[in-house]
2 protein chains.
Amino acid sequence: MASTANPFSISLSSKPTAKPSLFNPSELSLRVQTPGVAALRSSFASNCSVKLSLAKSKSKIMANSAQLVDQPPSTTGPAAPVVVDVDLGNRSYPIYIGSGLLDQPELLQRHVHGKRVLVVTNTTVAPLYLDKVVDALTKDNPNVTVESVILPDGEKYKDMDTLMKVFDKAIESRLDRRCTFVALGGGVVGDMCGYAAASFLRGVNFIQIPTTVMAQVDSSVGGKTGINHPLGKNLIGAFYQPQCVLIDTDTLNTLPDRELASGLAEVIKYGLIRDAEFFEWQERNMDALIARDPSALAYAIKRSCENKAEVVSLDEKEGGLRATLNLGHTFGHAIETGLGYGKWFHGEAVAAGMVMAVDMSYRLGWIDDSLVKRVHNIVKQAKLPIGPPESVTVETFKAVMAVDKKVADGLLRLILLKGPLGNCVFTGDYDRKALDETLHAFCKS
Amino acid sequence: MASTANPFSISLSSKPTAKPSLFNPSELSLRVQTPGVAALRSSFASNCSVKLSLAKSKSKIMANSAQLVDQPPSTTGPAAPVVVDVDLGNRSYPIYIGSGLLDQPELLQRHVHGKRVLVVTNTTVAPLYLDKVVDALTKDNPNVTVESVILPDGEKYKDMDTLMKVFDKAIESRLDRRCTFVALGGGVVGDMCGYAAASFLRGVNFIQIPTTVMAQVDSSVGGKTGINHPLGKNLIGAFYQPQCVLIDTDTLNTLPDRELASGLAEVIKYGLIRDAEFFEWQERNMDALIARDPSALAYAIKRSCENKAEVVSLDEKEGGLRATLNLGHTFGHAIETGLGYGKWFHGEAVAAGMVMAVDMSYRLGWIDDSLVKRVHNIVKQAKLPIGPPESVTVETFKAVMAVDKKVADGLLRLILLKGPLGNCVFTGDYDRKALDETLHAFCKS
């Protein structure tokens, strides 16, 4: 039987923590702000060419936050979802966030194209939510027929063989170009279903219904899809945007603690790279998030989606700015690949990777030691690891990092913090000695 | 040993053919014209929504034709290539056409991004042209290193297992996002290399160097990439545009007769669907094409590329107009799938498919019998089959056509001729009886 105990040997702070400042909705109108223009401008390396349209993004985010604040706390009818727009011209789409959204069939049905739907899910999620999703797709909608394919659960199945099962099912079911694929599950299901949708008949419509924090705050938004190769993560894939992302926060009720914590690594990331106020809010509310306070989770998801949507709108294909979303991921991918997929969750590896990136930033003299401590503290508070497992060596890090997607003409570019909280750079212009020192500081061999 | 005899049991016309009117370069300025606006507007079904920008396309084609005519017949230096532009906004690219282009390294090198190149080719083409291409890529260009992957030759290898060999090589060679993939070969190599480039690290640059008539006049242009599934052709793929297409017509010197004829099926197609004057030119020059007259081949390739470029510019993702390029292909795919990949060449199946589509168009009363005869004659003259092989049954046609990419909401849409030569429609609005009659007329069982 799988153990549910925390698998990391981390010595949590023994100091009794004060009762966390619980999430206060009245704070929202103050808290929900877009990062300042200056912070954004300085937040990526000067060699990145990205079109800025901040005024628009700012007004969009403010409008959405007003909706959240104005929403009555509870009604007898279904609550209106919070909507975050991903602005990509003719590929724009909404992210719906709220409780009970799978009980509002019209939300989903308005984004289904054609009469045939293929739901892609896995053996863990199917028993919990597949019937509910099929009901939402077909209620008062007799013209639509739904097929489903249930994949084995886990990162180690994010491969070509498993992807072929989706194509097999789509072709055997004689789906045509006007069909819609629906990804129901976490990041692995979303990435595979998205890549299958991008490739089936050279592209069909698809919808994301993420059911983990990781997928809700990060992987379901922005159109990165793909599968792993034995030599590295996400090396085969496509940029392909969904028709909508539907986040029913009720699906988190069935999420194991360790997976919840894994998703929070990406939430912490947004604060570090571009949203200091969000980071400060997390410092006050991390215990509430871990305790699954619904309002706190809803706010963290929304604010994360807003950050992600803004970055993706400015740089869809990762010309520069978007790469900053990978803080900690280059170190983290090396951990995942070195350990073998599935031993650690993605967010666990990212958390350890962020701590390593922060360490390296400090060695380069780019940040204060106070920030190093704050990152250590919040990662521990989120019950996430603050370093790699013993079995991953310096050699493993170097070998895996050499095939990272951010290598360009042989030079490894990293996302590192630089300046006050909320600022980062994406650069290959750093002292190699600092990278070496960080690797040796964190690895036993 | 493979026989080089014509594998089709076709009774060619026993009437002695008159000496064909050989290609006359002085005719070019008259012949190279864009199809009229009225013809184009009527050439696809009214349910297709396509943005027209004919004036621009027209001026572009005229400019290019002028270049061809003005070119001196022979010089001591390298000849300037004819250039046909594919106009797709920020994804636009040139098609270079001419003799000896692989001896002009600067043409290729200006489109290579980064310092690493992966040439994808096959066991037939590699011994003939791989060294030449590597020389062209590296001459006076010491910073560039070239890897290559040599795939088995043939449509039956256009599958996921073979595609993985390209990814394996790219990853083992530690290629990064700034690399360039080069497709050197026919349609299969181009489609696979293109899909690999679209998917590797979610998209890297690529260049097409087509070495067959089929690839030069059709598959290398327009960004359709993909692989086959056991249940159907090209069911998995992407729309992904190259940086350039380089057509060195000298590569046709090594092309077997049967493959040359296969490519001519697509040349005939352009005339039938949208370019009556080109069809009439072919009627006069088909024997010269079969005899490999260099000027005739160069003109047929150029005019075909112009037609393809214009259609792709107007409808990149096959919303409607672009589907007309598939005249004969739905019937043809059924032949290829029914026979097993590789028994007939793609163009052979397309030729038989075009004859079937023309038969069906006549049964619907949409074209005159004179056009039926002209199509029969030109297909025979090109040494292509005028019907499917005996082993492909009505049932096979129906089963394969049911999973065609042009099925939408269960309705099979076909490209059929309608009106005078050069006009066609893409429609699901036809009498099913005519399709049934055509299938029974061409199949023994």
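Which hand does the crossing of α12(B) and α15(B) have, left-handed or right-handed? In this predicted model, the crossing of these two helices of chain B is right-handed. Helix α12, which covers residues 329-339 of chain B, packs against helix α15, residues 394-401 of chain B, at an angle of about 110 degrees, and their axes are 9 Å apart. Since angles from 65 to 115 degrees count as roughly perpendicular, α12(B) is therefore described as roughly perpendicular to α15(B). On the α12(B) side the contact is formed by B:Thr330, B:Phe331, B:His333, B:Ala334, B:Ile335, B:Thr337 and B:Gly338, while α15(B) contributes B:Thr396, B:Phe397, B:Val400 and B:Met401. Sorted by class, the residues in this contact are six nonpolar and five polar, with no charged residue among them.

**Backbone with positive phi**

Most residues other than glycine have a negative phi. Two residues with a positive phi that are not glycine are set out below, each with its place in the chain and its relative accessible area.

| Residue | Phi | Place | Relative accessible area |
|---|---|---|---|
| A:Arg202 | about 65 degrees | loop between α7 (187-199) and β6 (205-210) of chain A | 8%, buried |
| B:Asn234 | near 55 degrees | strand β8 (residues 232-239) of chain B | 9%, buried |

A:Arg202 thus lies in a loop, whereas B:Asn234 belongs to a strand. A:Arg202 counts as buried because its relative accessible area of 8% falls under the 20% cut-off, and B:Asn234, at 9%, is buried by that cut-off too.

**The interface between the chains**

A:Arg202 also appears in the contact between chain A and chain B, where, together with A:Arg177 and A:Asp409, it supplies 22% of the area that chain A buries against chain B, more than any other three residues. The two chains bury about 3,700 Å² between them, and 56% of this area is on carbon and sulfur atoms. Chain A brings 38 residues to the contact, and chain B brings 38 residues.

**Surroundings of A:Val217**

A:Val217 sits in helix α8 of chain A, which spans residues 213-219, and it is buried, with a relative accessible area of 1%. When its neighbours within four places in sequence are left aside, A:Val217 is in contact with A:Gly263, A:Glu266, A:Val267, A:Tyr270, A:Ile301 and A:Ser304. A:Thr145 lies 72 residues from A:Val217 along the chain, and the C-alpha atoms of the two residues are separated by 30 Å.

Definitions and conventions:
Residues numbered from 1 in each chain as written. Chains lettered and ligands numbered in written order. Predicted model: local features only at pLDDT ≥ 70, side-chain atom pairs only at ≥ 80, totals over all residues. Heavy atoms only, no water. Axes fitted to C-alpha atoms, helices over the stretch in contact; angles between N-to-C directions. Helix = DSSP H or I, 4+ residues; strand = E, 2+ residues; numbered from the N terminus. Parallel < 35°, antiparallel > 145°, perpendicular 65-115°, else oblique. Left-handed = near helix turned anticlockwise from the far one by under 90°. Contact = heavy atoms within 4.5 Å. Nonpolar A, V, L, I, M, F, W, Y, C, P; charged D, E, K, R; others polar. Buried < 20%, exposed > 50% of the residue type's maximum accessible area, 1.4 Å probe, protein only. Buried area = accessible area lost by both parts, 1.4 Å probe.
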